[in-house]
Amino acid sequence: MPSFIYQVKDASGSANSGTLTAPSIEEASRLLRRDGRVVVDLRPQEAADPAAAAAARPPQRVRVDDIIYLTNQLAVMVDTGVPLTDALDSIAETSTHTGLRLVVRNLADHLKAGEPLSDALARHPRHFGDLYVNMVRASETSGRLGEML
């Protein structure tokens with residue numbers, strides 16, 4: 001059975017790390033989240049270097065369900081007052097979906113460079129259609145991004 005290196009945070013914010021043996025990365029993630037912990041990093045033990053892990057497997061295809069998940073996560077975080085770049089960074093760190101993680105990190109990078117979210121989304125026309133981008137653009141103008149998401 002493969003081993004995985006993990007980093008988690010508990011409800012009090014305390015960080016913990018170690019190794020875990022599980023049949024798959026999905027099962028390892030489920031086991032770590034079982035007690036209310038948040039998975040910060042989880043990867044196979046052989047590929048301890050994140051760049052090597054990313055190079056070892058191709059990114060997963062981003063589907064509509066993944067975009068809905070991202071939108072829901074952003075809505076919750078924005079409504080609770082989490083800054084948008086922090087929300088995107090958090091989603092990217094906790095995502096086990098390689099394709100979605102790449103898209104979210106790219107969005108965060110563009111926001112950190114001073115670009116509006118709608119412009120960053122427009123850079124990914126395969127994932128975010130014109131309606132989605134324009135609704136985000138309108139909500140940025142009105143200041144109601146959380147509600148729109």
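**Figure 1. S3 sits in strand β1 of the predicted model.** Strand β1 covers residues 3-9. S3 counts as buried because its relative accessibility is 18%, and buried means under 20%. The side chain of S3 is joined to the side chain of T21. This polar contact spans 3.5 Å.

**Figure 2. D10 occupies the loop between β1 and β2.** Strand β2 covers residues 15-21. With a relative accessibility of 33%, D10 counts as partly exposed. The side chain of D10 has two polar partners in this view. One is the side chain of S12, at 2.8 Å. Another is the backbone of S14: its nitrogen lies 2.9 Å from a polar atom of the D10 side chain. T94 is 84 residues from D10 along the chain. The C-alpha atoms of D10 and T94 are separated by 14 Å.

**Figure 3. H97 lies in the loop between α4 and α5.** Helix α4 covers residues 84-94. H97 counts as buried, because its relative accessibility is 15% and the cut-off for buried is under 20%. A polar atom of the H97 side chain lies 3.2 Å from the backbone oxygen of R61. Leaving aside residues up to four places away in sequence, H97 touches Q60, R61, V62 and D66.

**Figure 4. The second largest pocket is lined by 12 residues.** The space in this pocket is about 170 Å³. Two elements, α3 (64-79) and α5 (98-112), each give two or more residues to its lining. Helix α5 supplies the largest share, with 3 residues. Nearest the pocket centre lie Q60, R61, V62, R126 and H127. Of these, Q60, R61 and V62 are also touched by H97. By class, the lining is made up of 6 nonpolar, 3 polar and 3 charged residues.

**Figure 5. T141 is a residue of helix α7.** Helix α7 covers residues 130-142. The relative accessible area of T141 is 70%, so the residue is exposed; the cut-off for exposed is over 50%. The T141 side chain reaches back to the main chain. Its partner there is the backbone oxygen of R137, at 3.1 Å.

**Figure 6. The whole chain, shown for orientation, holds 8 helices and 3 strands.** From the N terminus, the elements follow the order β-β-α-β-α-α-α-α-α-α-α. The C-alpha atoms fill a box of roughly 50 × 35 × 25 Å along the principal axes. The chain has a radius of gyration of 16 Å, which agrees with the value near 15 Å for a compact globule of 149 residues. Buried residues make up 37% of the chain. Among contacts with a separation of 6 or more, 45% join residues 24 or more positions apart.

Methods. Residues are numbered from 1 along each chain as its sequence is written. This is a predicted model: local features need pLDDT of at least 70, side-chain atom pairs count only at pLDDT 80 or more; totals for chains, interfaces and linings use all residues. Side-chain values use heavy atoms; hydrogens and water are left out. On a 1 Å grid over the protein atoms alone, a cavity is a set of points where a 1.4 Å probe fits but cannot get out, and a pocket is an open set with protein on both sides within 12 Å along at least five of seven lines; lining residues have an atom within 4 Å of a point. Grid points are joined across faces, edges and corners, and a volume is the space filled by probe spheres set on the points. Helices (H or I, at least four residues) and strands (E, at least two) are DSSP runs, numbered from the N terminus. Ala, Val, Leu, Ile, Met, Phe, Trp, Tyr, Cys and Pro count as nonpolar, Asp, Glu, Lys and Arg as charged, and the others, Gly among them, as polar. Buried means under 20% relative accessible area, exposed over 50%, partly exposed in between (1.4 Å probe, protein chains only). A polar contact is a pair of N or O atoms within 3.5 Å; within protein, one must be able to donate a hydrogen and the other to accept it, and residues adjacent in sequence count only if both atoms are side-chain atoms. Contact means heavy atoms within 4.5 Å. The radius of gyration is taken over C-alpha atoms; the globule rule is 2.2 Å times the number of residues to the power 0.38.
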